[in-house]
There are 2 protein chains.
Amino acid sequence: MENIDLTEIKSPADIRKMNLPELKQLASELRTALIDKLSVHGGHVGPNLGMVEAVIALHYVFDTPDDKIVFDVSHQTYPHKMLTGRMQAFTDPAHYDDVTGYTNPGESPYDLYSLGHTSSAVALAAGLAKARDLRGDKENVVAVIGDGSLSGGVAFEGLDYGATLGSNFIVVVNDNQMSIAENHGGIYADLRLLRNTNGEGEPNLFRSMGYAYRYVKYGNDLKSLIEMFRSVKDIDYPVLVHINTIKGLGLKPAVEDKEDFHFSGPFDPETGAPKYEEAKDAPEDYGDLFARIMLSKMKEDKRVVTITAGTPGVLGFNKSRRLEAGSQFVDVGIAEQSAVDVASGLAKGGMRPVAGFVSSFLQRAFDQFSQDIALNRQAATFVVFYGSMFGMNDETHLGFFDIALLSNIPNLLYLSPVCKEEFEAMLDWSVRQDKLAVVIRTPGSSAVSNKNIKLLDDYSMPEYDIVRRGDKVALIGAGSMFAYMSLAADMLAEQGVNATLINPRELSSLDKRVLDSLKDYEVVITAEDGIIDGGYGQKVASYLGESPVKVINLGLPKEFLNRYSYADLQKECGLTPDSIAATAISALKK
Amino acid sequence: MENIDLTEIKSPADIRKMNLPELKQLASELRTALIDKLSVHGGHVGPNLGMVEAVIALHYVFDTPDDKIVFDVSHQTYPHKMLTGRMQAFTDPAHYDDVTGYTNPGESPYDLYSLGHTSSAVALAAGLAKARDLRGDKENVVAVIGDGSLSGGVAFEGLDYGATLGSNFIVVVNDNQMSIAENHGGIYADLRLLRNTNGEGEPNLFRSMGYAYRYVKYGNDLKSLIEMFRSVKDIDYPVLVHINTIKGLGLKPAVEDKEDFHFSGPFDPETGAPKYEEAKDAPEDYGDLFARIMLSKMKEDKRVVTITAGTPGVLGFNKSRRLEAGSQFVDVGIAEQSAVDVASGLAKGGMRPVAGFVSSFLQRAFDQFSQDIALNRQAATFVVFYGSMFGMNDETHLGFFDIALLSNIPNLLYLSPVCKEEFEAMLDWSVRQDKLAVVIRTPGSSAVSNKNIKLLDDYSMPEYDIVRRGDKVALIGAGSMFAYMSLAADMLAEQGVNATLINPRELSSLDKRVLDSLKDYEVVITAEDGIIDGGYGQKVASYLGESPVKVINLGLPKEFLNRYSYADLQKECGLTPDSIAATAISALKK
């Protein structure tokens, strides 16, 4: 078999001309190119390597882009991008960053949505299918979803509705027997039963939801996949195709350690060893710190329970730590809503639950935070990771909306430590107390130390820390912004302006005593690591609205930014120390 | 059989002494008392009448409150309240209002949670069961959930996790073959199959999720229920008991019209006819108005689709209107997340979707609003009902949090009409356009007319309506608050203060041109029908924070209020016309 020139593949039309041996060669070359890129660039390794054949077969059989494919989470769409006009971004190192890590309608008409949160593809595709039916058209609509993503409630809602369409609706379940880490949930025993019986066993979850059901035992075999997709193409009722694939196929380290190679930085393709250097003096990340603290607390107190919704690694709970924590570590699967409710039930049952979430994902459980935690005053602790402009910068994973989201829920105390010592003190207090629902937002991306921060034994009442007392100008810096405000205060001092510097410690209510003392100042500047709208600073502006003092709120714009530069954004938002100082000086002059 | 003196029943211990004929007599008397109360007081009729026997059997068999029962939504817990120390609230008209309509830990230790949103009970109970296991205790944990509530994603998440507990966990599915209206979703065909096969058929949804499964054909037969609950009591693995009940049993009109008698005002128990008078000149409600508009639009344009998540009645779509709308009306079941995603798919597929939600329930789909609508810029329209302090006043159903929730999402235009004419103009524009995601908040509880409001052909850009031009004082009244601001402006005029009166038309962004013109005013007062924190007024306060003009934000406190008086709350918040006028005068004097 001759080599295929990948750069000649401009669209799926180019692969539809191929015969099976050529398609196999194509799969092999795509996989090699993927490993070449991923090993130097990093990215989602396992999900993409496991889906090479399925993606080829989908584009080979279905008439994309007229037929519609919605990929759930879309972290498995690198092969899809390679086949739909974006090969260069995978074969030419100079162009590796031309594409995002997820489907992106701005890049290609083959990409229907910008998706990065799991479990929504089925409901979105059901809407597309319903639109087609109302239009009287006939294109195929396909949703592709992983077994791990099935645990999210909206996946179930979408399947439930999709089953009622009574028309063409094809759901492909990519079963690689993994979530980001291992799967958790009752449905996974059923998926195992179906795999073990070549799809023949009962009970069958998918048939119980109203789907015709097909099983592909070798989900990395092009011939099987093509035959199956051909058999369901143009079908006029909802069908679910369950394909059994191998996550990480073609890269031995990724097959052997599926969790670590779900997403990875650069690595040695032979050994799997990380190729990026961990700087000797790099600060600890908040996951590691959190896991160390929690392991110690769980040993001391059997009532302490750590909870994750499918992202144990973010919480620092690697496999050995999960083993160590035993039954006091709960992974509910990718199911943020039940994670919050299980925390509520644990609290009600006398436990001390602590659940950790990625900022961008916790918004999936807003109703549970509001109703089942806050309204019911359950003393559970929630730790927010990557809740920062310095966290993830894909438009689907932004970490700067959670202040506006959580700080406006009654009965929910949202704490904003400024350094790792304060984080630890707040976590320690929160786990000890049994009265309040508490959220703690880890500041920025790495656990920076500040030994000068005054720690409290009790964080239940709003009590601003006046770190430095001045006059005329007050700088209130929340969370990661405190450090920049502190530097700005130093700069102002050099210019003869003696600023008051405040760590507000929390975002959900105001220390009115301190704010009242600022009413005869000339200017109060707030800075927070989140959007200004609906955030902390606007509460201050509102409270001081009747006073003559000028209030300036610094923070981020209400926008879905994408792959932005941290430094540029910080500058644009006026959040650098010199910019903060300049803002103060300018306001004083007005 | 002698009559039982219901008032002698103080706790479940009193019924555990009864024999089966006595329990049957008890059921009959509870039902009679319920009908007596409901027919004069109103409330949830069908859900409670259908569950009388099951609730008796649960308290008879299980050792409550040591054994734990979590009732989903808890609108079916009137019989539970009658058996757990609150009988007087159902037998003595003078005490009818002593209890809330939902479980309430403040009322009784038998009530574990204040619950009013569906689908969370299973996950909450799973948390309670996990807590029990960690404590090493042995009490039974029971979740009771209706078939209609099963469609909510968090129910599935809870079932998925609960199945992994490996210990006592009892889920009772009360299958009355109804949601609020009829059920929608693929799983309901499976429930029918199970009913038709006396629980023997395959596929079996619950077994596929990992539960041992039991079926009770006569779910209103005390003997069957007691035997079944005895057989699963103290079981040491997760089991699901599927009971087939008759919604509304004992009240003929409620059995015949299950939808209208899900919740009802006072009625004639013989005929079912409403006993409350519809005032001749009562304003139309927004559901009726919405349904009339949408039916006309759907006829004109086949691309227009109306969507509900299980609450068609709220949208004014009674049975005949649903029939009239045909395939252009979509009910996804109680599944707000998929409702939003299906709207997104429909928009992507070229349709003009319009989904309507109760304010308190739309928060269940925050992630979908953010990711699948706003980030992806899908031109769908969402109409919010009861988004008002004048809407529902149970602490579980409050309608004043949605401004803070939705107005801080980028790319989402949140419109706030002040009267029915403006609502109609905004809805009309939104359905015609295909660029923006739009939310429209119906103002207050009934469709009040204001013929003087200036309507626009295009609401895409922030453009405040300066209804009256004055100086020194500006009153910005959003949505239902506009009318009170307008009256306040009249009062101020009488006192010689010529106030500028503004209808901001929207809540998600600012008309900076108009706000700039207010910078040399003495005072700007904003009023909105929602909490102040995170809301519209704080955006104004922040924007004007550097100007000398005083800004006063009026609105509601960030609190879970319960069964409050509308008039008292309005007064307490300073939202009456005279109070607004007084606030302005007082600010002018400062």
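**Figure 1. The cis peptide bond before B:Pro203 in the predicted model**. B:Pro203 lies in the loop of chain B that joins helix H9 (187-196) to helix H10 (205-208). The peptide bond leading from B:Glu202 into B:Pro203 is cis, and its omega is near 0 degrees. Most peptide bonds are trans.

**Figure 2. The cis peptide bond before A:Pro65**. In chain A, the loop between helix H4 (52-61) and strand S2 (68-71) contains A:Pro65. The bond from A:Thr64 to A:Pro65 is cis, with omega near 5 degrees.

**Figure 3. A positive phi at B:Ser74**. The loop shown runs between strand S2 (68-71) and helix H5 (78-83) of chain B and includes B:Ser74. Although B:Ser74 is not a glycine, its phi is positive, at about 65 degrees. Most residues other than glycine have a negative phi.

**Figure 4. Helix H2 of chain A and the glycine that follows**. Helix H2 of chain A comprises 22 residues, 20-41. From its first C-alpha to its last, helix H2 of chain A reaches 31 Å, close to the 32 Å expected at 1.5 Å a residue. After this helix comes A:Gly42, which has a positive phi near 80 degrees.

**Figure 5. A salt bridge within helix H11 of chain B**. B:Lys223 and B:Glu227 form a salt bridge in which the closest N and O atoms are 3.3 Å apart. Both residues belong to helix H11 (residues 222-232) of chain B; because they are four residues apart in this helix, about one helical turn separates them. Over all chains, the count of salt bridges comes to 70.

**Figure 6. The contact between chain B and chain A**. Chain B contributes 102 residues to the contact, and chain A contributes 102 residues. Together the two chains bury about 8200 Å², of which 60% is on carbon and sulfur atoms. B:Glu157, B:Glu546 and B:Phe560 supply 9% of the area that chain B buries against chain A, more than any other three residues.

**Figure 7. Polar and charged pairs across the interface of chain B and chain A**. Six salt bridges are found across this interface. In the salt bridge between A:Lys539 and B:Asp533, the closest N and O atoms are 3.9 Å apart. Between chain B and chain A, 42 residue pairs are in polar contact, with both residues at pLDDT 80 or more. On the side of chain B that touches chain A, helix H15 (residues 336-348) of chain B provides the largest share, nine residues. By class, this side of chain B has 42 nonpolar, 39 polar and 21 charged residues.

**Figure 8. The relation between chain B and chain A**. A turn of 180 degrees with a shift of 0.0 Å along the axis lays chain B on chain A, with an RMSD of 0.0 Å. This is the relation of a two-fold axis. Of the interface residues of chain B, 100% are also interface residues in chain A, so the copies meet through the same surface.

Definitions and conventions: Residues are numbered from 1 along each chain as its sequence is written. Chains are lettered from A and ligands numbered from 1 in the order in which they are written. This is a predicted model: local features need pLDDT of at least 70, side-chain atom pairs count only at pLDDT 80 or more; totals for chains, interfaces and linings use all residues. Side-chain values use heavy atoms; hydrogens and water are left out. Contact means heavy atoms within 4.5 Å. Buried area is the accessible area (1.4 Å probe) that two parts lose on being put together, summed over both. A salt bridge is a side-chain nitrogen of Lys or Arg within 4 Å of a carboxyl oxygen of Asp or Glu. A polar contact is a pair of N or O atoms within 3.5 Å; within protein, one must be able to donate a hydrogen and the other to accept it, and residues adjacent in sequence count only if both atoms are side-chain atoms. Helices (H or I, at least four residues) and strands (E, at least two) are DSSP runs, numbered from the N terminus. Ala, Val, Leu, Ile, Met, Phe, Trp, Tyr, Cys and Pro count as nonpolar, Asp, Glu, Lys and Arg as charged, and the others, Gly among them, as polar. Copies are superposed by least squares on the C-alpha atoms of residues with pLDDT of at least 70 in both. The expected span of a helix is 1.5 Å times one less than its number of residues.
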